[in-house]
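Reader: I'm still new to reading protein structures, so could you pick out one part of this one and take me through it closely? After that, I'd like to see how it fits into the rest.

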Amino acid sequence: MNDALLTAADGHSQSMIDNNYFEHTDPTNGSTPQSRIADAGYSPTSATGEILYWSDGASDYKAAVAWWMASPTHKAIIEDCRYTNIGVGVLYPGGSKYYAVADFGAH
């Protein structure tokens, strides 16, 4: 776990909730995973990655991980051995909504 990556992931989860979107690029300020990770104070040596999950039904971390592992693109990021650090931001804004962001970095 890395505190800077956690800060970046938490912030993006909160922004998606506050501004009602589900994208890697924040439409309100143009920030990208790489810019948010750098702004949080993380300096990768080679690579960063981000995966997102959103649900508006009964969901939890098990559903998020199952969905990520069923997606070849997301699974590739999870299994990329370059990534040695992670930060995961999970928020429940109320009702049945569930947002999760995982930011990865190589250090």
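Author: Let's start with Tyr-53. In this predicted model, Tyr-53 has a relative accessibility of 9%, and since anything under 20% counts as buried, Tyr-53 is buried. Its place is in strand S1, which covers residues 48–56.

Now look for Tyr-98, which sits in strand S3 (residues 97–105). Tyr-98 has a relative accessible area of 2%, so this one is buried too. How are the rings of Tyr-53 and Tyr-98 arranged? Their centres are 5.8 Å apart and their planes meet at 75°; an angle over 60 degrees counts as edge-to-face, so that is what we call this pair. Along the sequence the two tyrosines are 45 residues apart, so to speak at distant parts of the chain, and the ring pair links those parts.

The pair has company. Ring pairs join Tyr-53 and Tyr-98 with Trp-67, Trp-68 and Tyr-92 into a cluster. Across the chain, the count of aromatic pairs comes to six.

For another buried spot, try Ser-13 in helix H1, which spans residues 3–19. Its relative accessible area is 0%, so Ser-13 counts as buried. What does Ser-13 touch, if you skip residues up to four places away in sequence? The list is Gly-89, Leu-91, Tyr-99, Ala-100 and Val-101. Strand S3 runs over residues 97–105, so you can find Tyr-99, Ala-100 and Val-101 from that list within its range.

Time to zoom out. You can count four helices and three strands in the chain, and from the N terminus on they come in the order α-α-β-α-α-β-β. Contacts between residues far along the sequence show up here as well: among contacts with a separation of 6 or more, 62% are between residues 24 or more positions apart.

What about the overall shape? A compact globule of 107 residues would have a radius of gyration near 13 Å, and the chain's value is 13 Å, so the two agree. Along the principal axes, the C-alpha atoms fill a box of roughly 40 × 30 × 20 Å. Of the 107 residues, 41% count as buried, with Tyr-53 being one of the buried residues.

Finally, the outside. The chain exposes about 5600 Å², and carbon and sulfur atoms supply 54% of that. As for charge, there are 5 positive and 12 negative side chains, and the centres of the two sets lie 8 Å apart.

How values were computed. Residues are numbered from 1 along each chain as its sequence is written. This is a predicted model: local features need pLDDT of at least 70, side-chain atom pairs count only at pLDDT 80 or more; totals for chains, interfaces and linings use all residues. Side-chain values use heavy atoms; hydrogens and water are left out. The radius of gyration is taken over C-alpha atoms; the globule rule is 2.2 Å times the number of residues to the power 0.38. Buried means under 20% relative accessible area, exposed over 50%, partly exposed in between (1.4 Å probe, protein chains only). Contact means heavy atoms within 4.5 Å. Accessible areas come from the Shrake-Rupley method with a 1.4 Å probe; for residues, only the protein chains shown count as cover. Lys and Arg count as positive and Asp and Glu as negative; His and the chain ends are not counted. The place of a charge is taken as NZ of Lys, CZ of Arg, CG of Asp or CD of Glu. Rings of Phe, Tyr and Trp (its six-membered ring) pair if their centres lie within 6.5 Å; planes under 30 degrees apart count as stacked, over 60 as edge-to-face and the rest as tilted.
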